[in-house]
Amino acid sequence: MAQGSVQVTHGGPSRWRRRTGEYVSLAAALEAAADGDVLSVAPGTYRENLVVTRAITLRGADGVPGSVRIAPPEGVALTVRASAALRDLQVEGQDAAVPALLVDAGAPELTGLRVVTRSSVGIEVRGGARPTVRHCTVDNAAGVGVAVLDRAGGVFEECEVLAAGQSGVAVHGGGGPRLERCRVHHARGAGLSVTGEASTLEAIGCEVYEIRGAGVRMAERAAGRLSDCRVHRVAADGVTLDTGAVLALDDCDIHDIPENAVDLRARSVLTMARSTVRRFGRNGLSVWDPGTRAEAVGCELQDSTGDYPAVWVSDGATAVLASCRVHDVPDALFVLDRGSCAEVTDSDLSRIRGTAVSVSGGATARLDDCRIREATTGAWFRDHGSGGTLTGCAVDATATGVIVTKGADPTFEDCAVSSPLEAGFYVSAEGRGTFRHCRVTGSGGYGFHVIDGCRATLTRCHTERCARGGYEFADGGGSGHAEGGGPGPLSEGCTSDEPVPVRVPGPAVAAEHSRPAPAVPAPVARPAAPLPAPRRDEGSARPPTTVLAELDALVGLESVKKEVRALTDMIEVGRRRQEAGLKAASVRRHLVFTGSPGTGKTTVARLYGEILASLGVLERGHLVEVSRVDLVGEHIGSTAIRTQEAFERARGGVLFIDEAYALAPEDSGRDFGREAIDTLVKLMEDHREAVVVIVAGYTAEMERFLSVNPGVASRFSRTITFGDYAPEELLRIVEQQAEEHEYRIGEGAAEALLRYFRSVPRGPAFGNGRTARQTFEAMVERHAGRVAQLTNPSKDDLTLLYAEDLPVVP
């Protein structure tokens, strides 16, 4: 029953019909109304299933949202089958099997409606209907917010999906709505979902956020265009395209995405113009599979929050970037797998923590007039079949400008590398490459460093102000036609402003030139790839006695100190024997650290690296700490690349792998951790003098880890066990912390601390030294709360910690 009345104003031309009628139910009013009539509904709840079949106006009498509720116990609450106008109504469906509001014919105007329901769909448009929907809201915690299907369309202006148990807006079956200045949020499925051939969506000035699924999902040959839209704070990918979907993004902002910001697969096509992608957890743009293509013009990808490349192209896909900026990301562009291709023109890649451009697995990359700045490696062509061209590109302020390895064969023309810490162009491990009219300026190493018998071709290249020399062709590294004018033959037309002589091609090159090779000094052991981080300044290493004294000052760890001293003594004596012309025993320097968390494993690893550097065993002695997440990728081939790059960052120092057993889970299946282990074992063998590897973790788990690969255990010289701290040692750590921060342990506090540490549960979560430090921080916090109440505290009040400042035993 209605709790109000319905007033009908007839709009017929005959004077006798211009009268007002009062009806006690909406159904009766609708039956009596004719086209053009206005039905004003008094406030109340109407538990009727309404069907509008005439071009009437149905509105709430007072215009107050929510005052007129249409809420039948079952079925579709409101069905519209005519070009009617509905305003200021609240529709409440109670039937989970049907929509709350159904529009299946005509071109009605819906204004100011509130749909609050737990139905299959909040508003469903089908059957060729073309409604205009303005200022409406949908709250449907059980199903889809708005669905447009079966060749229907319509315009939605300034509407809002407040919540949806599935997708916020779903388009399929050839539907094609237009959304203008709409907001979709708090959906448990996708924000906008468009599927099926001939299904389309146009969205202008819309916002999609707080979504449990993807922000925008296009699939099965659907098409769409988003202009001036924002997609942010979603739990899955920001925008995902699959199975032949086509999407254009213009002037859009996609940000705060924990997964891929934009992900394309299975022959989908994306065009993106003047859009920004920022704060993404995985790839900013990932493109997969043959026939899949992404084009970005005037776009910006920035501020990655994860450890993945900003742009990922693999499995035969293509990505085209023009006038784009990529910055503040771990890696800028990774192109993998045969058939994959990236084309980049007039773009800036800057502030890259790892590699700006990486090409592997037979992929190709073409860069024209691009600028790469502040990266560990500017461009790295990694393996056989990988290639492409760099034309007119500038690489500045990198550790290494360009690396070519393992049979890769790219071409560089009119490229300039300036101020690299190491080599400008580095070719090793059977890499090739053609270099025409390229320039290296201000290198901290060589301009062109070609080793391992690689067959690079240099034509009219130039170097200047390179610290170690313009060209280094070790082991027959260069090819080309030599010219006179220098102390030895260079590649064709190449010049150098360095005052020191350049190394000349070895025997392989001499044979090619048909002239005797000059004498070349015996090759010196060199790293297989350049150092990616700044080198330690000469004279900056502390003497070993100083570092060992710092080790001795650590609380506890007596057996650990003894082991480290024995190992360093062996290394030092071996070095002195070599200086005396005697044979030195081979000492494997890689170590296994076992023990509970917080027992000082990382601290000892850092000091161990510094000791080895002070003894001249390592070049720098720096520590690079990684874990599974830093080494294991999510795609085939990416794990080996990550592991190699971590190893390169540690070159000249210590690679510390915490919780190493996580690389070999007990139920591994197809886990890529095994690939990281296999890659690491080979790198440790191939570059045994360049990096010390320390693996760490719980004792039992590390025993299992060492049994995974037959080569793993043989690579480590010894296992050092870090025991848990005794209560007295934990007390000493607190005392050290207090002294360092200018606090004092007050009377009775030391005894209370001992009792506290004896009673703290020592389960898996016990943090040892970390627990001691956290206890000190808790005491300082409680001390502050106590002293803040004093009007004029003394110096003792400000510095003394008492038993009452101790936290409660957890």
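**Helix packing in the predicted model**

Within the protein, 53% of the contacts with a separation of 6 or more are accounted for by residues 24 or more positions apart. The structure is a predicted model, in which 14 helices and 65 strands are assigned. Of the 810 residues in the protein, 55% are buried.

Helix 3, which spans residues 544-553, illustrates how buried positions can be arranged along a helix, since Val547, Leu548 and Leu551 are buried in this element. When helix 3 is viewed down its axis, the buried residues fall within an arc of 100 degrees, and they therefore line one face of the helix. An α-helix has 3.6 residues a turn, so residues three or four places apart point the same way. The cover over the buried residues of helix 3 includes helix 4 (558-579) and helix 5 (601-614).

A further packing arrangement involves helix 11 (residues 727-740) and helix 13 (residues 769-787), whose axes come within 9 Å and cross at roughly 45 degrees. Because angles from 35 up to 65 degrees fall outside the roughly parallel and roughly perpendicular ranges, helix 11 and helix 13 are oblique to each other. The crossing of these two helices, helix 11 and helix 13, is right-handed. On the side of helix 11, the residues that take part in the contact are Leu730, Ile733, Val734, Gln737 and Ala738, and these meet Gly769, Ala772, Arg773 and Phe776 in helix 13. Classified by residue type, the contact of helix 11 with helix 13 comprises 6 nonpolar, 2 polar and 1 charged residues.

Notes. Residues numbered from 1 in each chain as written. Predicted model: local features only at pLDDT ≥ 70, side-chain atom pairs only at ≥ 80, totals over all residues. Heavy atoms only, no water. Axes fitted to C-alpha atoms, helices over the stretch in contact; angles between N-to-C directions. Helix = DSSP H or I, 4+ residues; strand = E, 2+ residues; numbered from the N terminus. Parallel < 35°, antiparallel > 145°, perpendicular 65-115°, else oblique. Left-handed = near helix turned anticlockwise from the far one by under 90°. Contact = heavy atoms within 4.5 Å. Nonpolar A, V, L, I, M, F, W, Y, C, P; charged D, E, K, R; others polar. Buried < 20%, exposed > 50% of the residue type's maximum accessible area, 1.4 Å probe, protein only. Arc of directions from axis to C-beta.
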